[in-house]
2 protein chains.
Amino acid sequence: MSEFRKDPIVARWVIIAKERGKRPTDFVIEEEKTTGGFCPLCEGNEHTTPPEVLSYGRPGYAPNMPGWKLRVVPNKFPALVVEGNLNKRGEGMFDEMNGIGAHEVIIETPRHGEVMATMTSEQISLIFQAYRDRMADLARDMRFRYIIIFKNFGRAAGASLEHSHSQLIALPIVPYLIQEEIDSAHRYFTYKDRCVFCDIIHQEQSQGVRVVCENAEFITICPFAPRAPFEMWVLPKRHKSDYVALDDQGRRLLSDLFLETMRRLDKALPRVPYNFMLHTAPIRTPDLEHYHWHIEILPKLTMVAGFEWGTGFYINPTPPEEAASFLREIRLDR
Amino acid sequence: MSEFRKDPIVARWVIIAKERGKRPTDFVIEEEKTTGGFCPLCEGNEHTTPPEVLSYGRPGYAPNMPGWKLRVVPNKFPALVVEGNLNKRGEGMFDEMNGIGAHEVIIETPRHGEVMATMTSEQISLIFQAYRDRMADLARDMRFRYIIIFKNFGRAAGASLEHSHSQLIALPIVPYLIQEEIDSAHRYFTYKDRCVFCDIIHQEQSQGVRVVCENAEFITICPFAPRAPFEMWVLPKRHKSDYVALDDQGRRLLSDLFLETMRRLDKALPRVPYNFMLHTAPIRTPDLEHYHWHIEILPKLTMVAGFEWGTGFYINPTPPEEAASFLREIRLDR
């Protein structure tokens, strides 16, 4: 079983995936996987993945059979396992616990080669619905404290499969970058009695220079201090800390804007590798006045090297005002 | 001029390198640079770099001419510039200041193709001396608060030049990962009245399982909660917060152990890309009881993807006990 281990200095946890235990000779440079090979995520290959935990399909379809529109399956090579207890323990001054968690793959489409920018808004909406449904289900497991949803697109962004998918990891710990974000937002709220994200949205709307697109309920901006060129955040305009509380109408509007955002990105930088992460409140926390869920999209155009590793400081060659202006002015075919 | 910008939520600063201002079309995939092309860092090509700010040479050599053993030059494409003032300012709720700083390149050897693992201990000692001398010099500039020294080796670790070099960036801000490390160590000290790094060294020496190598003054360990496979930390056994205070005898012992560490790494994983970062106290701080300078070495074997970006959580397939055992048992030819 893998282990969670905590750095004794900073509150950084790592997962030591023991059974994957790699000796130096195991680190061979992985080849880029291109189209043409066998894809376990394609329609018709359902038997090559673990059985699905959720799927949406055309009328009359059966689970684990062709006919689905989206399916969620446990990761075949999970970093964490669902069965067992945490067994928190110390080893002298060091802290560790068992690698308990859930690690799932959201197969976003049955069609290989389709990417978010080429999907319909209805398909994107199914993806966001799957995020919600899996989070709501896993939140009932009292061992878990946080569920992170993320997507790696393209080899340079860490994707090992080409077929469009995202991932979910349920954790017994609130990750420290999320905790720090929540704590910082709380300090701001204590001082100002306002949500820092609501204030950002307000300033971005009045300045306009970093807005990429918006609709009645959502807005996409290039943040003021972006870590990466063309970094974008998608935020709900109305204050809400918990993504799971998003209703059907909200999800439709989110899907519309998210699709437009991905289409703009794909037209500016065709098939650019990217990561996105859904930041939401820890599970089972009542609605927080000081926190605001959102999605952070990080295109992979620059290298993270020693300076960034050592400092948490990023060097970004593209001002967000230029990126936003470029993305905003792209003409999309309807 | 570039700008420092602060994220309004977390205390994360970024450098927006405006004059590099990249539009999407500027992001072409960079080709791996291999031997054979022109190298501006090689002996004989001194005129292709900015004039040196420091060099050590054979007796009778002249600055900016062949005959040097090591030279330090300003980065030709600096992220920050030395001239000017910070002009700290607000833009509504956002904070920014001018991109003032120093960005230098330490050319570690005149010989192209030489790597740390193939150098002599005397050459490594010159490198550590250059770090010290440049830090001591730049510390006199009252605009600077922190000097980070780091090395990117290999394309996958962010190196754009093959010739062995490291980099120095002097900053008007203490980077937040460093500040967090210092603050966390301070909390530990307040509670225990001991340095957390001294405690780690003590526990590692008594357990032995994560020790890679050591000598009278220094120790190399695989840390208990490593972010990356074969991550190593090199620490002075005697408590010291400030690297600059290291004396000549200490530097010789550091160089011996550092060379042994790099040779073990290179034998385990030949020419593996890596980053290292020197973590030391902010400049002009009196000796700190709670902080302990050290070097963190991160081989680049796994991808940092959406999960790590979103959470600050790392998945590592190699337990540090296995990595340390493997590195420790390597037989080095004398």
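**Two chains, one shared sheet**

In this predicted model, A:I16 has B:N316 of β15(B) as its bridge partner.

User: What makes β2 of chain A and β15(B) count as paired strands?

Analyst: Two strands pair if there are at least two bridges between them. Strand β2 (residues 13–16) of chain A and β15(B) have 3 bridges, in the parallel sense, so they meet that cut-off.

User: Nice. Which sheet do they belong to, and why are β5 and β15 called its edge strands?

Analyst: The sheet is open, with 5 strands in the order β5(A)-β6(A)-β1(A)-β2(A)-β15(B) and mixed pairing. At its edges are β5 (89–91) of chain A and β15 (314–316) of chain B, each pairing on one side only. On average, neighbouring strands here are turned by 30° against each other, direction ignored.

User: Why is the relation between chains A and B that of a two-fold axis?

Analyst: A turn of 180° with a shift of 0.0 Å along the axis lays chain A on chain B with an RMSD of 0.0 Å. That is the relation of a two-fold axis. In chain A, A:V304 has the C-alpha nearest the axis, 4.4 Å from it.

User: How do you know that the same surface serves both copies?

Analyst: Of the contact residues of chain A, 100% recur in chain B.

User: Within chain A, what makes up the side of domain 1 that touches domain 2?

Analyst: The domain assignment gives domain 1 as 3–18 + 37–175 and domain 2 as 177–329. In chain A, 29 residues of domain 1 are in contact with 26 residues of domain 2. On the domain 1 side, α1(A) gives the most, with 9 residues. That side divides into 20 nonpolar, 5 polar and 4 charged residues.

Technical notes
Residues numbered from 1 in each chain as written. Chains lettered and ligands numbered in written order. Predicted model: local features only at pLDDT ≥ 70, side-chain atom pairs only at ≥ 80, totals over all residues. Least-squares fit on C-alpha atoms with pLDDT ≥ 70 in both. Contact = placed C-beta atoms within 7 Å. Helix = DSSP H or I, 4+ residues; strand = E, 2+ residues; numbered from the N terminus. Axes fitted to C-alpha atoms, helices over the stretch in contact; angles between N-to-C directions. Domains from an automatic or database assignment. Nonpolar A, V, L, I, M, F, W, Y, C, P; charged D, E, K, R; others polar.
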